[in-house]
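Let's walk through this structure together, starting at the ligand and working outwards. Keep the 3D view open as you read.

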Amino acid sequence: MKANDRFQASCKKVGYEPDIQFFPEGTKTASDAAAAVGCDVAQIVKSLVFLTDNQPILLLVSGKNRVDQDTVKLLLGAESFEMAKPEIVRSHTGFAIGGTPPFGHTQPIQTIMDEDLDAFDEVWAAAGTPNSCFPISPTELRKIAGATLATVKLCLLYTSPSPRDS
Ligand code: 5CA
């Protein structure tokens, strides 16, 4: 079965019908997806798989944000936290990087959702392939993914020189 059909079939099991839209120009990255959909990159949901103490964990992250791995590691009280290799992403979700959807995976996976996604009425996530996305409200996304909301983004702070230094 094609990846889009597998995603659709797993959504059906939880009573959700995604409005999958296809974009021949490609939606492999958050910026590709934002350009194709015609939305702000912040409204694109990146579905990123990490390994924490050797357990997979999924982070649903706004397209404008980078994950602060140290903060998430602390939040989880974990010893280790690192990005999963492509073969782990595929074996745990059933989908390849660039098309990994936020739910509907082959195995259950602990999921954390970036609180910044909650600012929008609608966000767009991958639908199983690197040329398809579907719109969803953040509330529904969180509910179906069984996700916990958290602050996950990297904040680069600029510290101005102290007056004593000038
Ligand atoms: N279809 C788009 C928008 S929904 C999408 O899937 N974006 S994504 O961010 O969820 O997936 C691409 C991400 O996969 C990249 O941002 C990057 O963080 C991650 N990635 C790319 N290559 C690798 C790799 N070799 N190992 C682990 N993660 C990778």
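Find Gly98 and look at its backbone: an N or O atom there lies 2.8 Å from a nitrogen atom of the ligand. Keep in mind that this is a predicted model, so treat every distance here as a value computed from it. How much of the ligand does the protein bury? On its own the ligand exposes 610 Å², and the protein buries 72% of that.

Gly98 has company. Over at Thr27, a polar backbone atom is 2.5 Å from a nitrogen atom of the ligand. Ser47 joins in through its backbone too, with an N or O atom 3.0 Å from an oxygen atom of the ligand.

Now zoom out a little to take in the whole shell around the ligand. It has 16 residues, and those that come nearest are Thr27, Lys28, Ser47, Ala84 and Gly98. What kinds of residues make up the shell? They divide into 9 nonpolar, 5 polar and 2 charged. If you're wondering which element gives the most to this shell, it's strand E2, residues 44–52, with 5 residues. And where does the ligand sit? You'll find the ligand in the largest pocket.

Time to step back and look at the protein as a whole. Its secondary structure comes to 5 helices and 8 strands. Try tracing them from the N terminus on, and you'll go through the elements in this order: α-β-α-β-β-α-β-α-β-β-β-α-β.

One of those helices, H3, is worth a stop at both ends. Helix H3 covers residues 69–76, and Asp68 caps its N-terminal end: a side-chain oxygen of Asp68 lies 3.3 Å from the backbone nitrogen of Asp70. What follows H3? Next comes Gly77, whose phi is positive, near 65°.

Last, the overall dimensions. Taken along the principal axes, the C-alpha atoms of the protein fill a box of roughly 65 × 35 × 25 Å. The radius of gyration of the protein is 17 Å, and this agrees with a compact globule, because one with 166 residues would have a value near 15 Å.

Methods:
Residues numbered from 1 in each chain as written. Predicted model: local features only at pLDDT ≥ 70, side-chain atom pairs only at ≥ 80, totals over all residues. Heavy atoms only, no water. Near = heavy atom within 4 Å. Polar contact = N/O pair within 3.5 Å; in protein donor to acceptor, adjacent residues only side chain to side chain. Areas by Shrake-Rupley, 256 points an atom, 1.4 Å probe, with all protein chains shown as cover. 1 Å grid on protein atoms, 1.4 Å probe; cavity = no way out; pocket = protein on both sides within 12 Å on 5 of 7 lines; lining within 4 Å. Sits in = over half its atoms within 2 Å of the grid points. Helix = DSSP H or I, 4+ residues; strand = E, 2+ residues; numbered from the N terminus. Nonpolar A, V, L, I, M, F, W, Y, C, P; charged D, E, K, R; others polar. Rg over C-alpha atoms; globule rule 2.2 N^0.38 Å.
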